[in-house]
Every structure is written in C-alpha cells, then in structure tokens.
Amino acid sequence: MELKETANVLKLLGDKTRLAMVSMLAEQECCVCEFVEIFKMSQPSISQHLRKMRDLGIVKEQRKGQWVVYSLSTTSEYYEIVKTLLKHVPSQREKFQWLEEKGLRIICN
C-alpha cells in the first residue's frame with residue numbers, strides 16, 4: 001500500500017461517525033435503518049458515510065429483499081490497516097445493546 005492510499009484510509013476513518021460504524025461492522029452487520037437510530041442522523045447522511053467507505057472497499061453491502069445490509073470487508077486491500085486501527089477504538093457493543101433494548105435490532109428483516 002502506498003502512502004497516499006494509507007492517508008486516504010486514515011482520512012476517511014478520521015470521522016468519528018465513520019470510525020464508530022466500522023467498529024460496529026467489525027462485530028456485526030448492520031442495516032442503514034439501525035445506523036439512523038444509533039446516530040440520530042438522516043438516512044441520506046448515513047448512506048453517504050457508507051457509500052464513501054464502500055467506494056474505498058472498506059465495507060461491503062448485501063441486499064436482503066428491499067434492505068441493504070453492510071459489513072466490514074475482510075477481503076479489502078485495506079483490511080489489515082483497518083483491523084490494526086480498530087484495536088485502538090473503544091468497543092461499540094453498547095450501541096447494539098441499546099438497539100436490542102429498544103426493540104430496534106434488525107428491524108428490517
């Protein structure tokens with residue numbers, strides 16, 4: 001990986017929302033609707049964050065009916081740098097627990 005590519009990955013993940021999303025996706029796949037609830041942002045804003053990460057290959061998407069579910073791409077050329085970076089990011093597990101407590105975990109099944 002060249003310096004410019006590394007800088008692009010770090011710049012993209014320098015946003016705390018995207019960093020939290022990637023941390024969550026390293027644990028479990030998520031639907032856009034779940035991120036909307038967690039981050040209290042509009043669906044277009046969440047989709048924009050995910051598109052940027054998808055375009056770089058950090059996350060991947062899978063259609064499940066009318067819904068799109070995202071997960072961390074373990075086959076990305078950037079996976080190793082993302083994995084190393086995530087060792088220094090606090091767990092986002094409480095966000096999944098909050099969704100479950102509110103009955104909002106995977107509401108788009």
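F35 and F39 sit together in helix α3, which spans residues 32-39. Four residues separate the two, about one turn of the helix. Bear in mind as you look at them that this is a predicted model. A pair of aromatic rings is described by the distance of the centres and the angle of the planes. For F35 and F39 the ring centres are 5.9 Å apart and the planes stand at 35°, so the pair counts as tilted; planes would have to be under 30 degrees apart to count as stacked. Searching the whole structure turns up one aromatic pair, and this is the one with F35 and F39. Both phenylalanines are buried.

Let's widen the view to the helix that carries them. How many of the eight residues of α3 are buried? Six are, so α3 is largely enclosed by the rest of the structure. The buried residues are V32, C33, E34, F35, I38 and F39. Around them you will find α2, β1 (residues 30-31), α4, β3 and α6, the elements against which these buried residues pack. Just after α3 comes K40, with a positive phi near 50°.

From F35 it is a natural step to the nonpolar interior. The largest nonpolar core holds 28 residues, and F35, L50, M53 and I58 have the most contacts inside it. Which elements give two or more residues to this core? They are α1 (3-12), α2, α3, α4, β3 (67-72), α5 (79-86) and α6 (93-101). Helix α2 supplies the largest share, five residues. I58 is a good place to pause: leaving out residues up to four places away in sequence, I58 touches V9, L12, L13, V22, M53, L72, S73, S76 and V82.

Now turn to α2 itself and its partner α4. Two packed helices are described by the angle between their axes and the distance between the axes. The axes of α2 (residues 16-27) and α4 (residues 43-56) come within 10 Å and cross at roughly 70°. The two helices are therefore roughly perpendicular to each other, since angles of 65 to 115 degrees fall in that class. On the α2 side, T17, R18, M21, V22 and L25 make the contact, while α4 brings I46, H49, L50, K52 and M53. Sorted by class, this contact has six nonpolar, two polar and two charged residues. Here you meet L50 and M53 again, already noted among the residues with the most contacts inside the core.

Two residues of α2 deserve a closer look. The first to consider is T17, which lies in this helix. Is T17 buried or exposed? T17 has a relative accessible area of 13%, so it is buried, the cut-off being under 20%. Apart from its neighbours within four places in sequence, T17 contacts F39, M41 and H49. That brings us back to F39 of the aromatic pair.

The other is S23, also placed in α2. With a relative accessibility of 7%, S23 counts as buried too. Follow the chain from S23 to S91, 68 residues along, and the two C-alpha atoms turn out to be separated by 7.0 Å. Setting aside residues up to four places away in sequence, S23 touches L86, V89, P90 and Q92.

Note on methods: Residues numbered from 1 in each chain as written. Predicted model: local features only at pLDDT ≥ 70, side-chain atom pairs only at ≥ 80, totals over all residues. Heavy atoms only, no water. Axes fitted to C-alpha atoms, helices over the stretch in contact; angles between N-to-C directions. Parallel < 35°, antiparallel > 145°, perpendicular 65-115°, else oblique. Contact = heavy atoms within 4.5 Å. Nonpolar A, V, L, I, M, F, W, Y, C, P; charged D, E, K, R; others polar. Buried < 20%, exposed > 50% of the residue type's maximum accessible area, 1.4 Å probe, protein only. Phe/Tyr/Trp six-rings, centres within 6.5 Å; stacked < 30°, edge-to-face > 60°. Core = buried A, V, L, I, M, F, W, Y, C linked by side-chain atoms within 4.5 Å.
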